[in-house]
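Colleague: I'm new to this one, and I'd like to know what stands behind the words people use for it. Can we go through them together?

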Amino acid sequence: MTSRDISLVRAEIDASALRANAAALAEAVSPARLKCVVKADAYGHGVDLVAPTLHAAGLREFCVATVPEALALRDLLGADAEIMAWLYGPGSDLEAALRADIALGVSTPGALDRVAAAARATGIRARVHLKIDSGLGRNGLAPEDIPAVLTTLRACAEEDAPPFVVSGIMSHFAVADEPERPETAQQQEVFDSARRELTELLESAGGRLGEASDLDVHIANSPAALTLRPVPGNSARVGLALYGLSPLADAEPGDLGLTPVMRLVSEVVNLKHIPVGHGASYGLTYTAEADTRFALVPGGYGDGVPRSASNRAEVSIRGQRFPIVGRIAMDQFIVDVGDAEVAIGDEVVLFGPGGPSAAEWGDWAETINYEIVTRLSARVDRVLIDADPADPGDRAPADPTSTEAR
């Protein structure tokens, strides 16, 4: 894709910031291993750009939510990546997952039965991670489900060719972003109890379901990876922090040694003088209080720019903040630039280095930074660049002969 084919609204994905974040997080969770969570199109950053960059940097463990995500990731990364998925239903193609060597989280007794059926149908031994609901109340085996699952595993251990290798046990913290709350320790106790039961079963099975010493134990998410020392388990599933965004309400990315990976930009395509009393956009929810100038910027809720941030959000042009006025439309929004030095063709930074943060947009839209980055639509091209994280002005393409984008 050439630069002239790239959409007016584009998300620049900084490869060097991504690598630096991964290195910092890997060091922070050590001796636990870093698992890179690249679900939801790598949190909106473009999995086809993010995952190969991390893989080329030496990362090999990747996590996604769904089986289709896992299959696409296998095609993208090849055979040497460790890939797991945990969100699927009765109609999901688990046989395809096993053929692609995808490890599967198991969250219900029925799911374990479906994985066993897929293993027997394909002749491929499944690698499973038991997912424990330690208190989040979301997906995962409730404590009362665990005895039934262990009974099924014991029965499978007696088969000539057990359909499973139990590769891991996992859970997910609910409030690790609030380190003072007691629920995190309570969840850890529930999880540790389930881990002990599983370890005893694996030892009693004599290795027929996998070695207890090889069990992959993971419960830490981004907040836990940043706040708990030591990080619980022998690996940590890190998503948001990998992309240089803070999961903590009282910490900026820089406070955590992270650099935002995404920079969402557009440009000024129209500029006009506006008299006092003139309205802006649908509903005329804003009226100019003095003679001014309006700049028109491509980008709207069709691109994932939240309409709820209308008359609240700001953008940066030539290093100066300006307010979005009137309602954000499907394809465009208006910025009141007054008499500032702004011209048609000027770059507009919606968020990221050189502009407001995704967290600020989360506040303006009454949501969180996670949603701001993941909501970007397919109309927004993701463009891979390789810049010095210390210099947001250095925005050179990763490949000097072309711009890699989709």
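Modeller: Here is a walk through the domains, some single residues and the salt bridges.

Modeller: First, the ground rules: this is a predicted model, where local features need pLDDT of at least 70, side-chain atom pairs count only at pLDDT 80 or more, and totals for chains, interfaces and linings use all residues. Residues are numbered from 1 along each chain as its sequence is written, and side-chain values use heavy atoms, with hydrogens and water left out.

Colleague: What are the domains, and how do you know their bounds?

Modeller: The assignment gives domain 1 (31-244) and domain 2 (262-385); such bounds come from an automatic or database domain assignment. Taken over C-alpha atoms, the centres of domain 1 and domain 2 are 40 Å apart.

Colleague: How many residues make the contact between them?

Modeller: Domain 1 gives 8 residues and domain 2 gives 8 residues, where contact means heavy atoms within 4.5 Å.

Colleague: How much area do domain 1 and domain 2 bury between them?

Modeller: About 800 Å², with 70% of it on carbon and sulfur atoms. Buried area here is the accessible area (1.4 Å probe) that two parts lose on being put together, summed over both. On the domain 1 side, His45, Leu49 and Leu240 lose the most area to domain 2, together 53% of what that side buries.

Colleague: What counts as a salt bridge, and how many are there between domain 1 and domain 2?

Modeller: You need a side-chain nitrogen of Lys or Arg within 4 Å of a carboxyl oxygen of Asp or Glu. Between domain 1 and domain 2 the count is 0. There is 1 residue pair in polar contact across that interface, both at pLDDT 80 or more. Polar contact means a pair of N or O atoms within 3.5 Å; within protein, one must be able to donate a hydrogen and the other to accept it, and residues adjacent in sequence count only if both atoms are side-chain atoms.

Colleague: Which helices supply at least two residues of the side of domain 1 that touches domain 2?

Modeller: Helix 2 (39-43) and helix 3 (47-56) each do. Helices (H or I, at least four residues) and strands (E, at least two) are DSSP runs, numbered from the N terminus.

Colleague: Which residues are buried in helix 3?

Modeller: Leu49, Val50, Ala51, Thr53, Leu54 and His55. Buried means under 20% relative accessible area, exposed over 50%, and partly exposed in between (1.4 Å probe, protein chains only). After helix 3 comes glycine 58, with a positive phi near 105°.

Colleague: Why is alanine 42 called buried?

Modeller: Its relative accessibility is 0%, and the cut-off is under 20%, so alanine 42 qualifies. Alanine 42 sits in helix 2 and has a positive phi, near 55°, in a residue other than glycine.

Colleague: And what makes methionine 330 partly exposed?

Modeller: Methionine 330 has a relative accessible area of 43%, which falls between 20% and 50%, so it takes the middle label. Methionine 330 is in the loop between strand 16 (320-325) and strand 17 (332-336). Leaving aside neighbours within four places in sequence, methionine 330 is in contact with Gly300, Tyr301, Gly302, Asp303 and Arg379.

Colleague: How do you know that glutamate 82 and arginine 127 form a salt bridge?

Modeller: Their side chains meet at 3.2 Å, N to O, and the limit is 4 Å, so the pair passes. Glutamate 82 lies in strand 4 (residues 82-85) and arginine 127 in strand 6 (residues 126-131), so the pair ties together parts that are 45 residues apart in sequence.

Colleague: Are glutamate 82 and arginine 127 buried or partly exposed?

Modeller: Glutamate 82 is partly exposed at 40% relative accessibility, while arginine 127 counts as buried at 19%.

Colleague: What makes aspartate 346 and arginine 318 a salt bridge?

Modeller: Their side chains meet at 2.8 Å, N to O, so they also fall within 4 Å. Aspartate 346 is buried, with a relative accessible area of 13%.

Colleague: How many salt bridges does the structure hold?

Modeller: The structure holds 23. Arg33, Lys35, Glu61 and Asp216 are linked in a network of salt bridges.
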